[in-house]
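Work through these exercises with the model open. Each task is followed by its solution, step by step.

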Amino acid sequence: TWLPQAGIIQISPEACLLGHDSWADGRLGNFLESKVMLNDYRLIEELKGLSSAERLEKLNALGDEAAEHFRKFLPRAIQKYKQVIILTHVPPFREACWHEGEISNDDYLPHFSCKAVGEVLRKAMAGVEAQMIVLCGHSHSSGEARILPNLLVKTGKAVYGRPAVNEIITVPFELD
């Protein structure tokens, strides 16, 4: 199932899943001064051969696309379900973008986080009773970040060529 196309997926009468492949949008940290060059920028057709400014513009647009997806579906998900599980490739908040046990620095943040999605999630969860857990990766280090009392982000660790289960999530979940 391709999550952006699936919309809201009911897991139980009280819980749902909503996801998007979400790219890093270049908005956290300092993209234009960063010396980081990801293999993604050399290998992915729509990102290769671009200047830094052109790449940033493309990443901004991809981040906006992901944010719009969540903006479209979240109000219905939060209204209908007590628990919302969000799946996204990159961490949507600075606090969830881990590298070797620390928050990524301003050189790496633009390439490993999507601020546009984070803003939509934070706004949607402010002052509501529903609970949200965000499961993401891309930063290759694990960690947790409590963004709001009802919004927890779990960043999974990944190693190229070695897919692994980071954790089993049960429904209903606890945001301890």
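**Exercise 1. The second largest pocket**

Find the residues that line the second largest pocket, then sort the lining by residue class.

Step 1. The model is a predicted one. In it, the lining of the second largest pocket consists of Met37, Leu38, Asn39, Asp40, His89, Phe112, His138, His140 and Tyr160.

Step 2. Sort them. The lining splits into 4 nonpolar, 4 polar and 1 charged residues.

Step 3. Add the volume. The second largest pocket holds about 210 Å³ of space.

**Exercise 2. A lining residue: leucine 38**

Place leucine 38 in the chain. Is leucine 38 buried or exposed? Which residues does leucine 38 touch, beyond four places in sequence?

Step 1. Leucine 38 sits in the loop between E2 and helix H2 (39-43).

Step 2. Its relative accessibility is 14%, so leucine 38 counts as buried. The cut-off for buried is under 20%.

Step 3. Set aside residues up to four places away in sequence. Leucine 38 then touches His111, Phe112 and His138.

Step 4. Check the chain separation. Leucine 38 and phenylalanine 112 are 74 residues apart along the chain, and 10.0 Å separates their C-alpha atoms.

**Exercise 3. The largest pocket**

Describe the volume and lining of the largest pocket.

Step 1. The largest pocket contains about 470 Å³ of space.

Step 2. Its lining has 17 residues. Nearest the centre lie Cys136, Thr155, Gly156, Lys157 and Asn166.

Step 3. Trace the lining to the strands. At least two lining residues come from each of E6, E7 and E8.

Step 4. Classify the lining. The largest pocket has 5 nonpolar, 8 polar and 4 charged lining residues.

**Exercise 4. The sheet**

In what order do the strands of the open sheet lie, and which strands stand at the edges?

Step 1. The open sheet has 6 strands, ordered E1-E2-E3-E6-E8-E7, and its pairing is mixed.

Step 2. Strand E1 (9-12) and strand E7 (143-148) each have a single partner strand, so both stand at the edges with one side lacking a neighbour in the sheet.

Step 3. Add the twist. On average, neighbouring strands of this sheet are turned by 20° against each other, direction ignored.

Step 4. Begin at E1. A hairpin through 2 residues joins E1 to E2. The two strands run antiparallel and share 3 bridges. Isoleucine 9 is opposite leucine 17 in E2.

Step 5. Move on to E3. E2 and E3 run parallel, with 6 bridges between them. Leucine 18 faces isoleucine 86 in E3 across this pairing.

Step 6. Go to E6 and E8. Strand E6 (residues 131-136) and strand E8 (residues 151-155) run parallel and are joined by 5 bridges. Here leucine 135 stands opposite lysine 154 in E8.

**Exercise 5. The two faces of E2**

How many residues of E2 are buried, and which way do they point?

Step 1. Recall the rule: in a regular strand, side chains alternate between the two faces of the sheet.

Step 2. Apply it to E2. Ala15, Leu17 and Gly19 point one way, while Cys16, Leu18 and His20 point the other way.

Step 3. Check burial. E2 is mostly covered, with 6 of its 6 residues buried.

**Exercise 6. Helices across the sheet**

Which strands do helices H3 and H5 lie across, and what covers the buried residues of H5?

Step 1. Helix H3 (residues 52-80) lies across E1, strand E2 (15-20), strand E3 (83-88) and E6. Its angle to E2 is about 175°.

Step 2. Helix H5 (residues 115-125) lies across E3, E6, E7 and E8. Its angle to E6 is about 165°.

Step 3. List the buried residues of H5: Ala116, Val117, Gly118, Val120, Leu121 and Met125. Their cover includes H3, E3, E6, E7 and E8.

Step 4. Look past the helix end. Glycine 127 follows H5 and has a positive phi, near 75°.

**Exercise 7. Proline 110**

Where is proline 110 found, and what is it in contact with outside its neighbours within four places in sequence?

Step 1. Proline 110 belongs to helix H4 (residues 109-112).

Step 2. Its relative accessible area is 0%, so proline 110 is buried.

Step 3. Leave out neighbours within four places in sequence. Proline 110 is then in contact with Ala24, Asp25, Gly26, Leu28, Gly29, Asn30 and Phe31.

Methods. Residues numbered from 1 in each chain as written. Predicted model: local features only at pLDDT ≥ 70, side-chain atom pairs only at ≥ 80, totals over all residues. Heavy atoms only, no water. Pairing = 2+ DSSP bridges. Axes fitted to C-alpha atoms, helices over the stretch in contact; angles between N-to-C directions. Contact = heavy atoms within 4.5 Å. Buried < 20%, exposed > 50% of the residue type's maximum accessible area, 1.4 Å probe, protein only. 1 Å grid on protein atoms, 1.4 Å probe; cavity = no way out; pocket = protein on both sides within 12 Å on 5 of 7 lines; lining within 4 Å. Points joined across faces, edges and corners; volume = space filled by probe spheres on them. Nonpolar A, V, L, I, M, F, W, Y, C, P; charged D, E, K, R; others polar.
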